[in-house]
Amino acid sequence: MQVNYNNRFYFFFSEYMIRSSLKLPIIYKKKYKDMAMEKRFFFGLLIAAIVSAIRAGDVSFDKNYHVTWGNSHVTSLNQGREIHLLMDNTSGAGFQSNVGYASGFFQMKIKTPNKDSTGAVTTFYLTSNPQNTGNHDELDFEFLGSKGPPFTLQTNVFANDRGGREQRIHLWFDPTADFHTYGILWNQHQIVFYVDNTPIRVFKNNTNIGVNYPSQQLVIQGSLWNGEGWASGGRKIDWSQAPFIASFQGFNVDGCQFHDTATKAQCYNSNLWWNGNKYLELDPAQHKALQYARTKYMFQDYCTSPSGRYHKECGSNK
């Protein structure tokens, strides 16, 4: 099992606190001095580890990702800590993680195109099939371009099928003005979509009632592409506004790397923080926030559509 995360400083913190709490007799001044030096040493390790963790959390794009298409439409800034995907009438662009994962908490900071981007689609998602054909697993954030508010975010879940679980919300802020954090928690208990730490959607593991649950190896992808027609209510893209630019930051990955089916169960270990008790279900405050987001900002839900009756999970994912 290989885990990508940067909370190593907790080890040093715990070690320092344990050693600091020891009630040892001070017999010699030298011993007292040695203990003080040891505390300073562990405190130094703590600070160094925290700084290292912060830096590691701000890694360059190339550490965990690579461009998959539209190479000429990708620019890198700040030593690879920010990338821009450009779209014009010749191409968009996309990228993918270097490895696949079997669990984790996947986040990305995104700023969507700030022009009349009607028909342009910015995405951040996990998928088991990079070609997106046939039955597969997929967890989607899709930002549907527009010329101003309201700003629409669509999420979707594929569970060894072709999806059909779209939900749409109007964001309560302007996603073109600044970076916001979008996250997907995926463990064996639930999938949670977050916008700036606010849960906006939950998909629970309901395999006990015959509902498929994403369990394949998933890679992380991001893209900016031409979705006119589907994403714009039939409106054409205004190419005079091009190039459209979607910006991405935050290329650290908190996930358990998938190696093979035989060892996949290791990625469900409760020692991985995203599999811990805190993430088995939403706490009361999170559930309240979810209900508020659904009530105030959701305007389309597959569960309330005619096809909703075919989805057994609709009664429990609230």
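This report describes strand pairing and salt bridges in a predicted model.

Local features are given at pLDDT of at least 70 and side-chain atom pairs at pLDDT 80 or more, while totals for chains, interfaces and linings use all residues. Residues are numbered from 1 along each chain as its sequence is written, and side-chain values use heavy atoms, with hydrogens and water left out.

Helices (H or I, at least four residues) and strands (E, at least two) are DSSP runs numbered from the N terminus, and two strands pair if DSSP finds at least two bridges between them. Strand E10 (residues 167-170) pairs with strand E9 (residues 152-161) in the antiparallel sense over four bridges, one of the partnerships being that of glutamine 154 with arginine 168. Five residues lie between the strands of this hairpin, where glycine 163 has a positive phi near 80°. E10 is also joined by three bridges to strand E17 (residues 298-301), again antiparallel, and here glutamine 167 has aspartate 301 as its bridge partner.

Six salt bridges (a side-chain nitrogen of Lys or Arg within 4 Å of a carboxyl oxygen of Asp or Glu) are found in the whole structure, including those in the table.

| Pair | N to O distance |
|---|---|
| arginine 81 and aspartate 58 | 3.5 Å |
| arginine 235 and aspartate 116 | 3.9 Å |
| glutamate 228 and lysine 236 | 3.9 Å |

Relative accessible area is classed as buried under 20%, exposed over 50% and partly exposed in between (1.4 Å probe, protein chains only). Aspartate 116 is buried at 16%, whereas arginine 235 is partly exposed at 38%. Glutamate 228 is partly exposed at 27%, and lysine 236 is exposed at 62%. Elsewhere, a network of salt bridges links Asp161, Arg165 and Glu313.
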